[in-house]
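Okay, thanks for having me, everyone. Let me put the structure up and then walk you through a few contacts.

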Amino acid sequence: MFLRVALLVLRKDFAIEVRSREILYTTLFFALSCVLIFAFAFVKEGKPLEDAAAGILWIAIAFAGTLALGRTFERERYGETLRALLLAPAPRPAIYVGKLLGIVLLLVVAEALLVPLIALLFQAALFTYPLLLIGLLLTGTVGFCAVGTLFAAMLVRARTRDVMLPILLYPITVPVIIAGVRGTSALLQPAPDEAVATMWIALLVCFDVVFVTLALWTFEPLMTE
Amino acid sequence: MKKLFVPLTVLTALMFMYAPVMIANAPYEATMGLVQKIFYFHVPAWMAMFTAVFVCGIASALSLFRGTPAADRVAAAAGELTVLFGSIGLVTGPLWARKAWGVWWQWDARLTMALLLELIFIAYLLVRKYGGPGSDKLAAAMAIFGMANVPFVYVSVNIWRTIHPLTTVVPTLGDKMGPRALAAFWFSALSFMLLFVLLLTMRVQLDERRAELDRLYLEEEE
């Protein structure tokens, strides 16, 4: 039941997205613009600064993620469908999981484009340890979206939602950004340090477990009016 | 608590007056000398801050799941105190670091996480103030998530390489610097805790009176 509802919510979002592709295209383009802007800041005399690639990758993910989170729930608000979704005889946490899966999938698509692009533009050896990089990206994205989905859902009713989402989301998810950036840059060193990257993945897994549990636990009372 | 309020205020004031004497009498630390004395102020401030974080988090959880207005008031007060004691820690830390490390700020795991915690609770206050209707629930979630971040902050110093003194400084203080240093430390810590309790009570009472005033005002209008 739980999983079926979550998959249904995911399928609904997916169907809407496939028709319009609005969030996908805008998020991708926004991520690209971020990379471009940071390139101007971190490239000196034709050479990117050391570690810049890891930082740019994660900042682009965080910014694009915030945009996607805001848009997904804006669509629900605009269509006045969130209430209907919440009124459905389904466990509320399942709705949260469905939404979370949708946003994680969207960001994974964005990352699939960002990683090769950054590897190409900044001569970063991002593909030497593909499994570790995928581990970092996946755990990091889940952690970021776990907090983000909950806050974005709560902010739907608030007037100041556009400014409140980043204000609330960034301080809480900075551990994710730190772990992601440090882990990725450990892989980009001239002598890559797998142990450090694995340690950061372990921390990200802890973060994911703690915050997904908390979000599942608080989603029900938070979304009750 | 109301009966105890005045005696506790007097006691806390006296303790804060006597604390400098104890700190002055405590022996000097071998390598750092006078600079180390800020420790009697810095660590208790962080201890009070962490207490405030937990009070805020637990009270928020209570207000979220039970819907008690009293818990919400306690959470709001504790949120403000978190920022207050956190600022004390963030000001005293660099003062010490300037002398001990030669720089005001170091991007070390522990320092970054402490700054982060402060930011989370500033965001908490911002939501409370500007979040509009229904923001108390939002703020409650923020406080719970902030509290969940504390283990990441506390453990950070012991797992990751860091130049911040380890948290084991406190239990081994007596062995290293003698009982007088230990007494001065716990005296300061107790003073800060009392100050925290007093400020919390005061802030909660203020909010209670504000709510009561609103209620009376509405009654009068009807």
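**Where the chains meet**

So, 20 residues of chain A are in contact with 22 residues of chain B, contact being C-beta atoms, placed from the backbone, within 7 Å. Quick housekeeping: this is a predicted model, where local features need pLDDT of at least 70, side-chain atom pairs count only at pLDDT 80 or more, and totals for chains, interfaces and linings use all residues. Residues are numbered from 1 along each chain as its sequence is written, with chains lettered from A and ligands numbered from 1 in the order written.

Which element gives the most to the side of chain A that touches chain B? That's helix 7 of chain A, with 7 residues; helices here are DSSP runs of H or I, at least four residues, numbered from the N terminus.

Helix 7 (residues 161-188) of chain A also packs on helix 3 (residues 52-78) of chain A, at about 150 degrees with axes 9 Å apart. Axes are lines fitted to C-alpha atoms over the stretch in contact, and angles run from 0 to 180 degrees between N-to-C directions. That makes helix 3 of chain A roughly antiparallel to helix 7 of chain A, meaning an angle over 145 degrees. Among the residues making the contact are Leu57(A) and Trp58(A) on helix 3 of chain A, and Leu165(A) and Ile177(A) on helix 7 of chain A.

Leu57(A) turns up again in the largest nonpolar core, as one of the residues with the most contacts inside it. That core has 124 residues: buried Ala, Val, Leu, Ile, Met, Phe, Trp, Tyr and Cys joined through C-beta atoms within 7 Å, buried being 20 or more other C-beta atoms within 10 Å of a residue's own.

Conventions. Helix = DSSP H or I, 4+ residues; strand = E, 2+ residues; numbered from the N terminus. Parallel < 35°, antiparallel > 145°, perpendicular 65-115°, else oblique. Contact = placed C-beta atoms within 7 Å. Buried ≥ 20, exposed ≤ 12 C-beta atoms within 10 Å, placed from the backbone.
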